[in-house]
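Dear colleague,

Please find below the structure that I am handing over to you. I would be grateful if you would keep it open while reading the notes that come after it.

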Amino acid sequence: MESWIQTYNRVLTENCLGEGNGNSNSLEYWQNRLFKNMLRFFIPFSLVALIPSVIYCFSIGLYVLPVVDTIAFAIIIIISFKEGLKIENRKLIFIICAYVMASVLIYYVGLKGPGLLFLYASCVFAFIILPRKYAYGWTVVNAVICLAFAAVLHWDLGPSPEINMIDAVEWLIISSNVIFLSLISAALIPQLFDGLSETIMKQNLLQDDLAKQADALEMSLLEVKRKNEEIELFAFVASHDLQEPLRMVTAFMNLLEKKYGEQLDDKAKEYIFYAVDGAKRMELIIFDLLQFYQVGKQTSEKEWVDLNEIVADFILLRRKRISDTQAKIKSDHLPKVFGQKSAFVQLFQNFLDNALKYTQIDIPPEISINVVDHGNHWEFSIKDNGIGIEPASFDKIFEIFQRVHDKESYSGTGIGLAIVKKIIENLGEKVWLESEVNKGTCFYFTLQKHPN
Ligand code: ADP
């Protein structure tokens, strides 16, 4: 339910700014808005002056003044609430009413009343709500009214002997101050509006520019998204469809060796070995590529995952390698985190496999897994005492297929850390590292404590 104050405000807004409440990008809108607020406050506030002065005027037998004031007030009410009137006409009638009130006040009360003040206020209202080109015109109106009253005084045409007693020259001197103030205001107030107008124009240009840029950005984002989808689809299809022929190559090479092994010389057997080895490596790349493609696409349920279990499972899975290399893996007690278990398994597996792989000759791997509580998130670190990484390669190693160590000595596909990065970024988290060549590497990553 709309209160009467809200209705009052709404009707004024509709009458002064139109149904859709206007376009705030123009100076005219702000002038209309000022006019609306002028009316909004003028009506209740003018009662404060009108009621006592009407009572006073009646008590001293001055009837014309309160009648004119009341009529002007009624006209202002009508132009505020009557539908269908043009806003320009509403404004003009308002200014005329203000001038009439000022003139009648001057005529009937002379220097005793607030006539000159009203005259000045009328032209300031006009400067604010009407086009700036008329500003000096309203100053001329003020001057004409003051001169007209001087003539009234000069020829004793006033409504009472008291008024006729005022010296015309004295009136001219006093009223010239109002003309001076009107002139100053006519020069300054429109400048204020010029500044406002310029700001609005600049803002409009900026808004247009921003909208164009946003459109362009959206287009390029869509394009990038489409390209990414295309690439991912291509990688998926290619790697998926390559699996079958590759398996055939390996199987037939093995068959060839089995069936005709005796007829083949050592060179032929060596070629078959390289062919099978190449096919196996390709199979590994395809497997990793598919894993990379799958990140973020798994549909498995999210759950609370105990990271201690993930580390324990890894140790069990790699027990042979761990015992062969005499590796030591130490871990803090790890928290439970919320998400897809397979993603956390991949994270830890990739980091720990690398820590077991990139080791220094004759130095058994020592790996420690630590966690630090950072309030709303955990910071994990996986540190090794391996061969380390040059700082220049810190960013590179997270890119797909980027390997920064000797490919003959260390097997791999260069996809593991790309998978890690994709998983972590999909979770909105961070991954980074510290490393010193021949001393070791420490990978850090963060995980949220609470599910999003
Ligand atoms: P891969 O191990 O299959 O080559 P990754 O993406 O897991 O691929 O790693 C990319 C590269 O980063 C590795 O080839 C290696 O050069 C370097 N790297 C990763 N982890 C370590 C580590 N713990 N110590 C030293 N180098 C590492």
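The notes below take up the ligand site, then the strands, and then one helix.

Please bear in mind throughout that this is a predicted model.

Ligand site

The ligand is surrounded by 19 residues, of which Asn 354, Tyr 358, Arg 403, His 405 and Leu 417 come nearest. By class, this shell comprises seven nonpolar, nine polar and three charged residues. Helix 12 (341–357), helix 13 (416–426) and strand 7 (440–448) each contribute at least two residues to the shell.

Three polar contacts to oxygen atoms of the ligand may be of interest to you:

- His 405 places a polar side-chain atom 2.8 Å from a ligand oxygen.
- Gly 414 has a backbone N or O atom 3.0 Å from a ligand oxygen.
- Val 404 has a polar backbone atom 3.1 Å from a ligand oxygen.

How much of the ligand's accessible area does the protein cover? On its own the ligand has 530 Å² of accessible area, and the protein covers 98% of that.

Strand pairing

Strand 4 (residues 366–373) pairs with strand 2 (residues 328–331) in the parallel sense, over four bridges. In this pairing, Ser 331 is found opposite Ile 369 of strand 4. Strand 4 also pairs with strand 5 (residues 377–383), here in the antiparallel sense and over six bridges. Asn 370 stands opposite Ser 381 of strand 5. Strand 4 and strand 5 form a hairpin with three residues between the strands, and Gly 375 in that hairpin adopts a positive phi near 80°.

A further antiparallel pairing involves strand 1 (residues 303–306) and strand 3, which are joined by four bridges. There, Glu 303 lies opposite Gly 339 of strand 3. The two faces of strand 3 (residues 336–339) can be told apart: Val 337 and Gly 339 make up the covered face, whereas Lys 336 and Phe 338 make up the uncovered one.

Helix 4

Helix 4 (residues 87–109) allows a simple check of its length. The helix has 23 residues, so at 1.5 Å a residue it should span 33 Å; the C-alpha atoms at its ends are 33 Å apart, and the two values therefore agree. Gly 110 follows helix 4 and has a positive phi, near 60°.

With kind regards

Methods. Residues are numbered from 1 along each chain as its sequence is written. This is a predicted model: local features need pLDDT of at least 70, side-chain atom pairs count only at pLDDT 80 or more; totals for chains, interfaces and linings use all residues. Side-chain values use heavy atoms; hydrogens and water are left out. A residue is near a molecule or strand if one of its heavy atoms lies within 4 Å of it. A polar contact is a pair of N or O atoms within 3.5 Å; within protein, one must be able to donate a hydrogen and the other to accept it, and residues adjacent in sequence count only if both atoms are side-chain atoms. Accessible areas come from the Shrake-Rupley method with a 1.4 Å probe; for residues, only the protein chains shown count as cover. Ala, Val, Leu, Ile, Met, Phe, Trp, Tyr, Cys and Pro count as nonpolar, Asp, Glu, Lys and Arg as charged, and the others, Gly among them, as polar. Two strands pair if DSSP finds at least two bridges between them. The expected span of a helix is 1.5 Å times one less than its number of residues. Buried means under 20% relative accessible area, exposed over 50%, partly exposed in between (1.4 Å probe, protein chains only).
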